[in-house]
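This report covers one helix pair and one run of paired strands. Keep the sequence and the 3D view at hand.

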Amino acid sequence: MSSALESLLDLLDLEQIERDIFRGTSRSAVVPRVFGGQVAAQALVAAGRTVPADRTAHSLHSYFLRMGDPGAPIVYSVDRIRDGRSFTTRRVVAVQHGQPIFHLSASFQTYEEGLEHQADMPPAPAPETLPTAEQMLPRYADAFTDPGVMDRLLEARAAVDLRYVGAPPFANVGTPQEPRSQVWFRTNGKLANDPLLHVCMATYVSDMTLLDSVLLAHGRGGWAVGDVVGASLDHAMWFHRPFRADEWLLYDQESPSASGGRGLGQARIYTQDGRLAITVIQEGVVRVPRD
């Protein structure tokens, strides 16, 4: 296991300070605020720790309310909304400096048999044939006006092996493309056999590239390039089938719409053997900077 992955696991291992109240820390991100995937994953950890072990997460719905301060702890307060015979519902509010910064509702279910069908996995090259972040990112160093961005990007990707199938948005600034992108990802090391941990790790990664397809449609390089400003607004996930975040997952993403200073991304995450594991939808602020 890489030291970066150990650090990320420590980040997700929240401190319990009272019944249904947890505290987490943050680490530096590419931009000077708390990474949205981190706060979503930590909130899901908090929710999951109040749920019986035989109930696994099947959905989450969340809103990003305020920018998080990476230098301050985040307190997660869990509300036990419902404990039914099959489903358990939790609401989590993340608070910093006395104000809510994030709100999550999550639902958990006991395993049961049911009807089965799924959308087919789209074609994609094998992940082993694609360059790693360390091999790919330095090619585009000239795209970033801040020389520290490259190091921060590499640091942010150190715990997760994330490989672009096509060129990232910052590779072809000024050239609009089809609003679709694919990445393969897995953690840089094996994880424990804890379903909640794998779900939370996928939640963490799901916020890394989902709005790339919005940027591609308009030939924009992204927040690190500085030709757009933005932030996540809301994030929803549905966990359909068991998966492991330490095995290759294909993140197939597209953007059906952008308007009103907002962009919508939707995606499906497949296991390498073709099982549909997760559906993700996110809307974010995507604005062209004003002079």
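Which residue in β11 stands opposite alanine 258? Glycine 263 does. The model is predicted, and the strands are a good place to begin.

**Strands**

Strand β10 covers residues 249-259 and strand β11 covers residues 262-271. The two pair in the antiparallel sense. Strand β11 also pairs with β12, residues 276-287, and these two run antiparallel as well. In that second pairing, arginine 268 has threonine 279 of β12 as its bridge partner.

Each hairpin has a glycine with positive phi. Between β10 and β11 there are two residues, and glycine 260 takes a phi near 60 degrees. Between β11 and β12 there are four residues, and glycine 274 takes a phi near 95 degrees.

| Strand pair | Bridges | Sense |
|---|---|---|
| β10 and β11 | nine bridges | antiparallel |
| β11 and β12 | nine bridges | antiparallel |

**Helices**

Helix α2 (residues 36-48) packs with helix α5 (residues 195-206). Their axes lie 7 Å apart, at an angle of about 160 degrees. The angle is over 145 degrees, so α2 is roughly antiparallel to α5. The crossing is right-handed.

Which residues of α2 meet α5? They are Gly37, Gln38, Ala40, Ala41, Leu44, Val45 and Gly48. On the α5 side, the partners are Leu196, Val199, Cys200, Thr203 and Tyr204. By class, this contact of α2 with α5 has eight nonpolar and four polar residues, and no charged ones.

Methods:
Residues numbered from 1 in each chain as written. Predicted model: local features only at pLDDT ≥ 70, side-chain atom pairs only at ≥ 80, totals over all residues. Heavy atoms only, no water. Axes fitted to C-alpha atoms, helices over the stretch in contact; angles between N-to-C directions. Parallel < 35°, antiparallel > 145°, perpendicular 65-115°, else oblique. Left-handed = near helix turned anticlockwise from the far one by under 90°. Contact = heavy atoms within 4.5 Å. Nonpolar A, V, L, I, M, F, W, Y, C, P; charged D, E, K, R; others polar. Pairing = 2+ DSSP bridges.
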